[in-house]
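Biologist: I would like to learn how to read a fold feature by feature. Could you walk me through one?

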Amino acid sequence: MTGTAAPFAADDYRARLERAARSAAEAGLAGLLVAPGPDLVWLTGYAPTAVTERLTLLVLAPGQDPVLVVPTLEAPDAGKAAGASALTLRDWTDGKDPYAATAALLDAGGRFGISDSAWAMHLLGLQKALPGTSYASLTEALPMLRAVKDTAELELLAAAGAAADATFEEIRKVPFGGRRESEVAADLAGLLRRFGHSQVDFTIVASGPNGANPHHEVGDRVIERGDMIVLDFGGLKDGYGSDTSRTVHVGEPTDEERRVHDLVRAAQEAGFRAVRPGVPCQEVDRAARAVIADAGYGEYFIHRTGHGIGVTTHEPPYMIEGEEQPLVPGMCFSVEPGVYLPGRFGVRIEDIVTVTEEGGRRLNDTTREMVIVD
């Protein structure tokens, strides 16, 4: 994972480590094993400059001090991490067996949650060293570990959202007609960086019929007058994510295009209005989807209504049918219904929303009305 880690103090990381260990015990796990990636950054502030075949692994077990197993040559950098004082570093040198060193920290018959970013060779190495252990992916075992944000995290997410909003306000001023999608995408990336993003994760510019593909890969199609254009962009600012979508039109839209845009806007509003503590995630999806289905476009809304966001731009919770996890104040996620008409055009409107004690608060504030561009 790249990007600048958020400026949290050692006590913040210590509290997260303790919370994670408690959550592991409550889930019936002997502990957690966390490889380099977003979970390790969130728990310790440590992001290795390069992830290699050498084992780096955080071992968290209830009742034990957290231990970061790290290659000797990387120990100095690990020791400088913001959360390092909350950890014990245990380094290993080339030529030694890192799995034996790690196995000494583990319950030989325990079941452990392991981060999804762990390499297969490392998991297999641990299984060979401790055949009696078993493992579950961290996303499966503790899907809500990072889902509820504290006040400082919410401030960082709000700042990332404001930077994405500033990007939209600028991009709507540039020429669209006669330019390639890739050129506008480059403008988006430049603006995100200008407004403080250290990492740009995606800049979707889906014009005309390309808008019917929700994850369109930017290409060399020349944008034409009369095109509807789905813009979806985001990345990391100070270690926390942004993700917003707006749909613009080159010149005046047709009545149908305006009608579909208004429909998606109404669906997005309905999804947002469904956000309140205690409501299952799936109800946000149901609320947005019902508006589109009732208007006869249900088959053209082909993805979930939303995904969580934090130190990554996609993470639990997910606003999707079947997800019964109740909303909790501090959760942050997208609300992004869309309609995609194959071979013609698409519309998507997306805000990041956080759950409050009373309902929901948008972290994106740009207009959701139809925007006409040149």
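Biologist: Let me start with a small detail. In β14, which residue is the bridge partner of G338?

Modeller: Happy to begin there, and please keep in mind that this is a predicted model. The partner of G338 is R348 in β14. That pair belongs to a ladder of four bridges between β13 (residues 338–341) and β14 (residues 345–348), and these strands run antiparallel.

Biologist: How many residues lie between the strands in the hairpin of β13 and β14, and which glycine there takes a positive phi?

Modeller: Three residues lie between them, and G343 has a positive phi near 75 degrees.

Biologist: Which way do the side chains of β13 point?

Modeller: The general idea first: side chains in a regular strand alternate between the two faces of the sheet. In β13, G338 and Y340 point one way while V339 and L341 point the other, and all of them are buried.

Biologist: Where else are both faces of a strand covered?

Modeller: Look at β2, where L57 and V59 on one side and L58 and L60 on the other are all buried. β2 has antiparallel neighbours to follow as well. It pairs with β1 (residues 31–34) over three bridges, with L32 matched to L60. Another three bridges join β2 to β3, again antiparallel, and here L58 stands opposite L68. The hairpin of β2 and β3 has six residues between the strands, and in it G63 takes a positive phi near 80 degrees.

Biologist: In what order do the strands of that open sheet come?

Modeller: To read a sheet, walk across it from one strand to the next. Here the six strands come in the order β4-β3-β2-β1-β5-β6, with mixed pairing. The edges are β4 (88–92) and β6 (134–137); each has a single partner strand, so one side of each lacks a neighbour in the sheet. From one strand to the next, the twist averages 25 degrees.

Biologist: Which strands does helix α5 touch as it packs on the sheet?

Modeller: α5 (residues 120–129) touches β1, β2, β5 and β6, and its direction makes about 155 degrees with that of β6.

Biologist: Now for the interior. Which residues have the most contacts inside the largest nonpolar core?

Modeller: They are L32, L43 and L58, in a core of 34 residues. Next, ask which elements supply it. Those giving two or more residues are α1 (10–26), β1, α2 (38–44), β2, β3, α3 (75–79) and α7 (151–171). Of these, α1 gives the most, with four residues. For a closer view, take L43: setting aside neighbours within four places in sequence, L43 is in contact with Y13, R16, L17, A20, V34, L58 and L60. Apart from this core lies another, of 19 residues, including L188, L192, I223 and V371.

Biologist: How do I read a pair of helices? At what angle do the axes of α7 and α8 cross?

Modeller: Take the angle and the axis distance together, then find the residues that meet. The axes of α7 and α8 (residues 181–194) come within 9 Å and cross at roughly 135 degrees. That makes the two helices oblique to each other, and the crossing is right-handed. On the α7 side, A164, T167, E170 and I171 do the meeting; in α8 their counterparts are V184, D187, L188, L191, L192 and R194.

Biologist: And at what angle do α9 and α10 pack?

Modeller: About 155 degrees, with the axes of α9 (residues 255–273) and α10 (residues 281–294) 7 Å apart. They are therefore roughly antiparallel, and α9 passes α10 in a right-handed crossing. L263, A266, A267, A270 and G271 of α9 make the contact with V284, A287, A288, V291 and I292 of α10.

Biologist: What should I look for in the backbone itself?

Modeller: Most residues other than glycine have a negative phi, and most peptide bonds are trans. Now look for departures from that. D238 has a positive phi of about 50 degrees although it is not a glycine. D238 is in the loop between β8 (228–237) and β9 (240–250).

Biologist: What is the relative accessible area of D238?

Modeller: D238 has a value of 31%, which means that this residue is partly exposed.

Biologist: And which peptide bond is cis?

Modeller: The bond from P316 to P317 is cis, with omega near 5 degrees. P317 is found in β11 (residues 315–319).

Methods:
Residues numbered from 1 in each chain as written. Predicted model: local features only at pLDDT ≥ 70, side-chain atom pairs only at ≥ 80, totals over all residues. Heavy atoms only, no water. Pairing = 2+ DSSP bridges. Axes fitted to C-alpha atoms, helices over the stretch in contact; angles between N-to-C directions. Contact = heavy atoms within 4.5 Å. Core = buried A, V, L, I, M, F, W, Y, C linked by side-chain atoms within 4.5 Å. Buried < 20%, exposed > 50% of the residue type's maximum accessible area, 1.4 Å probe, protein only. Parallel < 35°, antiparallel > 145°, perpendicular 65-115°, else oblique. Left-handed = near helix turned anticlockwise from the far one by under 90°.
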